[in-house]
Amino acid sequence: MERIVLHLDLDYFFAQVEERQRPEIASKPVVVCIYSDVERGRGAVSTANYIARKFGVHSGIAIFQARRLLAGKNAVFLPANHELYGRVSLAIAETLLPYADAFEQASVDEFYLEISSSYRAAEELAKKIKRELVEKFGLTCSVGVGPNKLIAKMAASFKKPDGLTVVSPVAVQSFLDPLDVDKIPGIGQKTNQYLQSKNIRKIAELRMTDRGLLAEELGKNAAGMLFEYAHGIDNSVVANAEEQKQFSRIKTLKEPAESLEAVDVEELIADIVSALEQENLVCRVIGINIIDSGMRAHTRSKTLPQPTRDGEVIRKVVIELLREFFAEASVPVRRVGVRVERLESRKGQKSLGEF
Ligand code: TTP
Ligand code: MG
């Protein structure tokens, strides 16, 4: 039994829902529009079916541009019906939920399911889910299966529409290597441009690049993240926002404090470390919460290049944040809190220390 993540993304979601409502339009280019000015027909394309995409129509372009691309093509332009898509999205979530040990809805049409299984069984489950969504909702989707959220998502985008791509742990590197760097989810335009300018086009090339060099341009955190992704490493947990836990502990000081020396955070840190240990989690962000004597709240935080649950590391960061705070504070502090965020699972964790 392994930790396996499934990512499911509905194909041309809004437009596909519209096709299901009126099957007669399914053979035509379908464009779902978000109008900023209905009378004048202005606004942006929300999404389009794959027939319309063949003519160059895609999310984000202007409606007038889509009309031009589809002139004489018997295309159907529809206003977005968010209420309908929301209802369908909810019903899909309810269908998927029972299959998952952990479940996360990432957007209106994207879902992560964590299952404890074998890759063979996971592939069968993916097929079963795909059939069920066609039977229940008349909708196709693309599914990716992999050892973490990153690989599952990239696998789902690998073949669209109606795709199913399974990437087992041994296949991760050979799956990633030939892909363009801009296939990495969340890679910004600036980062992409920088990589292109350095002739780093494929993930294989990114993987071979010196990490220090990347850090000089992109900063240590962004470079570290990118480097981990290029190696297929992602330890983020599958969990909905309300379960995306952060741990925090706060205490009221016996006397309002005006300096770092007057604050003792040992107990708070010990509590946090033991909570992390209990759930087998590590954190990437460490923060402080402060209430001053005027009852105003202040927060500060720092992102680590490597996730941790080491009490020493946490203490150092907390002290640093408190020192910075006291250097600027103008009123005494009444309550002091410590919190950790961006929690990641330690299960089967790999880190760059291994490279
Ligand atoms: P996506 O999953 O990005 O796109 P899609 O489902 O239309 O197409 P694909 O087959 O490539 O997955 O987004 C889901 C829905 O979100 C999409 O149907 C419409 C909406 N959307 C917008 O309104 N504007 C946008 O810019 C994007 C990207 C999506
Ligand atoms: Mg989609």
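## A tour from helix α8 to Lys149

Select residues 189-197 and 211-218: these are helices α8 and α10, which pack at an angle of about 130° with their axes 11 Å apart. Axes here are lines fitted to C-alpha atoms, for helices over the stretch in contact, and angles run from 0 to 180 degrees between N-to-C directions. Helix α8 is therefore oblique to α10; angles under 35 degrees count as roughly parallel, over 145 as roughly antiparallel, 65 to 115 as roughly perpendicular, and the rest as oblique. The crossing of α8 and α10 is right-handed, meaning that the near helix is turned clockwise from the far one by less than a right angle.

This is a predicted model, in which local features need pLDDT of at least 70, side-chain atom pairs count only at pLDDT 80 or more, and totals for chains, interfaces and linings use all residues. Residues are numbered from 1 along each chain as its sequence is written, chains are lettered from A and ligands numbered from 1 in the order in which they are written, and side-chain values use heavy atoms, with hydrogens and water left out.

Show the side chains next. T191, Y194 and L195 of α8 meet L213, L214, E217 and L218 of α10, contact being heavy atoms within 4.5 Å. By class, the residues of this contact are five nonpolar, one polar and one charged. Ala, Val, Leu, Ile, Met, Phe, Trp, Tyr, Cys and Pro count as nonpolar, Asp, Glu, Lys and Arg as charged, and the others, Gly among them, as polar.

Keep α10 and add residues 220-230, helix α11. The axes of α10 and α11 come within 7 Å and cross at roughly 135°, which makes α10 oblique to α11. This crossing of α10 and α11 is right-handed. On the α10 side, pick R211, L214, A215 and L218; on the α11 side, K220, A222, A223, G224, L226 and F227. Seven nonpolar, one polar and two charged residues make up the contact of α10 with α11.

Within α11, A223, G224, L226, F227, E228, Y229 and A230 are buried, that is, under 20% relative accessible area (exposed is over 50%, partly exposed in between; 1.4 Å probe, protein chains only). Just after α11, G232 has a positive phi of about 75°.

Now move to the sheet. Five strands form an open, mixed sheet in the order β5-β6-β1-β7-β8. The edges are β5 (102-107) and β8 (164-166), each with a single partner strand, so one side of each has no neighbour in the sheet. From one strand to the next the twist averages 15°. Select β5 with β6 (residues 110-117): the two run antiparallel and are joined by five bridges; strands pair if DSSP finds at least two bridges between them. S107 stands opposite E110 in β6.

Add residues 149-158, helix α6, which lies across β1 (2-10), β5, β6, β7 (141-146) and β8 and runs at about 145° to β7. Is K149, in this helix, buried or exposed? K149 counts as buried because its relative accessibility is 9%. Beyond its neighbours within four places in sequence, K149 is in contact with V5, E104, Y112, D234, S236, V237, V238 and Q244.

Finally, zoom out. The protein has 13 helices and twelve strands, which are DSSP runs numbered from the N terminus (helices H or I, at least four residues; strands E, at least two). Of its 355 residues, 46% count as buried. The C-alpha trace spans about 75 × 50 × 45 Å along its principal axes.
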